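Visitor: I should like a close look at a single part of this structure, taken strand by strand. Please set out the local arrangement in some detail.

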Amino acid sequence: MSDRGTLPKEMITHILSRLPVESLCRFKCVSPSWKTLISSPYFAKTLLNRTKTLKNPDNLRKKILIMADNLYSVDLAHTNPTATKLSLPTAEQQLEHQVRVVNSCDGLVLVSIRCSSELFLLNPSTRECKKLPVFPCVVDSADYFDEDLYGVGYDSSTDDYKVLIIFSASFPRTGASIVAIYSLKTDSWRRIQDTDFYLEAYSGRVFVNGCLHGICWRDGCNGIVAFDLSDEVVREVPQPPWYCGIGSEISSYWVAVLGGCLCLVDKRAPEFWKMKEYGVRESWTEFKIRSGLFKAHLLCLLADDEFLLRTTPGRGLKQWVVYNQQKNTARNIMVCGIPDQFSFQGTYVESLISPHHGGPEEGLGGNE
């Protein structure tokens, strides 16, 4: 006779997939069967797809990563946000100028350690972390190249998360840039076809429409490019209507993503352009953030009509503000549990996607 107190596995999966990631991580302790279910790649994808489909603002709202004396995660949805420490398993001393958050995709965050070859994929929500193998040296010592991390993204054709690296000639910009791909499934690197694009160091890296995007230099001017993770081809993206194709005016912007759309954010003012229909030049639309805040700069796009701004109210002081344009509300951000001086590093969404494909797991140190 069957146990009347036991729900079918399909129903348990259906119920659990509607819960927050934070709760699911705790529920792994309920029973071995729940731990197996919640830790499975199938459940992680089910939860991620449901979150994207339902488009719940609370689920899609981005968490931020900041750097103080260490790397921290912060949920700005809380009235009094508290920082959660994310210590990477590395011998390198973690100082602000050494740790760099490159970008994130489906809750996986790509982190590099400056002045070393160390790369990490981490999930701040599950506190899992994976150190990536070192990419084999392919550059002759006579040719000095800078290593530009391009980002992490998802290849739907192979159901695999990939990291793209482009090694660019430092100066002058001559010759070809070397391109390499890391596969999470195979846990290995491989070199692919070289390119004549050169990445702009501080233009951002975002994953949209199956491609990693960034601002690159080519033939004497800057432009937006997309690297397709499926066919591994670099393509130019149609530029905004004001971009004439000559000069470097687009280098005053950085790329971002909001509501699944590619955006260009002005580094000098709280405004941005959104490509409402991917690949269509005429769909670029300008948005101005009319917050009324003095000397406001846009740090990131948190959700629809909600932005994180950095303001300078006077005397050189800097204040972080969450501004909701639809409600026309602004609230100052005071983050508990970190030193007074900190810098913005990036954003991510909560998920159960694991940076591991078999093998032992490494945990993130620090407080819960």
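Which residue in the turn of the hairpin formed by strand 6 and strand 7 has a positive phi?

Guide: The model is a predicted one, and the residue in question is Arg 127, whose phi is about 65°. Four residues lie between strand 6 and strand 7 in this hairpin. The two strands, the latter comprising residues 128–131, pair in the antiparallel sense over four bridges. One pairing can be located by residue: Phe 120 has Lys 131 in strand 7 as its bridge partner.

Strand 6 is also joined to strand 5 (residues 108–113), again by four bridges, and these two strands run antiparallel. Here Val 109 has Leu 122 of strand 6 as its bridge partner. Strand 6 therefore pairs with strand 5 as well as with strand 7, given that two strands count as paired where at least two bridges are found between them.

The burial of strand 6 deserves separate attention. The strand spans residues 119–123, and five of its five residues are buried. In a regular strand, side chains alternate between the two faces of the sheet. In strand 6, Leu 119, Leu 121 and Asn 123 lie on one side, while Phe 120 and Leu 122 lie on the other. Both faces are covered, since each of these residues is buried, that is, each has under 20% relative accessible area. Phe 120, the partner of Lys 131, and Leu 122, the partner of Val 109, are thus on one side of the strand together.

For context, another sheet may be set beside this hairpin. An open sheet of four strands has the order 3-2-1-25, with antiparallel pairing. Its edge strands, each pairing on one side only, are strand 3 (84–85) and strand 25 (343–348). Strand 1 (residues 63–67) is joined to strand 25 by five bridges, the two running antiparallel, and Lys 63 has Tyr 348 as its bridge partner there.

Tyr 348 also has a link to strand 2 (residues 71–74), in which Ser 73 lies: the side chains of Ser 73 and Tyr 348 are joined by a polar contact of 2.5 Å. Ser 73 has a relative accessible area of 8% and is therefore buried. Leaving aside neighbours within four places in sequence, the residues in contact with Ser 73 are Ile 64, Leu 65, Thr 82, Ala 83, Thr 84, Leu 86 and Tyr 348.

Conventions:
Residues numbered from 1 in each chain as written. Predicted model: local features only at pLDDT ≥ 70, side-chain atom pairs only at ≥ 80, totals over all residues. Heavy atoms only, no water. Buried < 20%, exposed > 50% of the residue type's maximum accessible area, 1.4 Å probe, protein only. Polar contact = N/O pair within 3.5 Å; in protein donor to acceptor, adjacent residues only side chain to side chain. Contact = heavy atoms within 4.5 Å.
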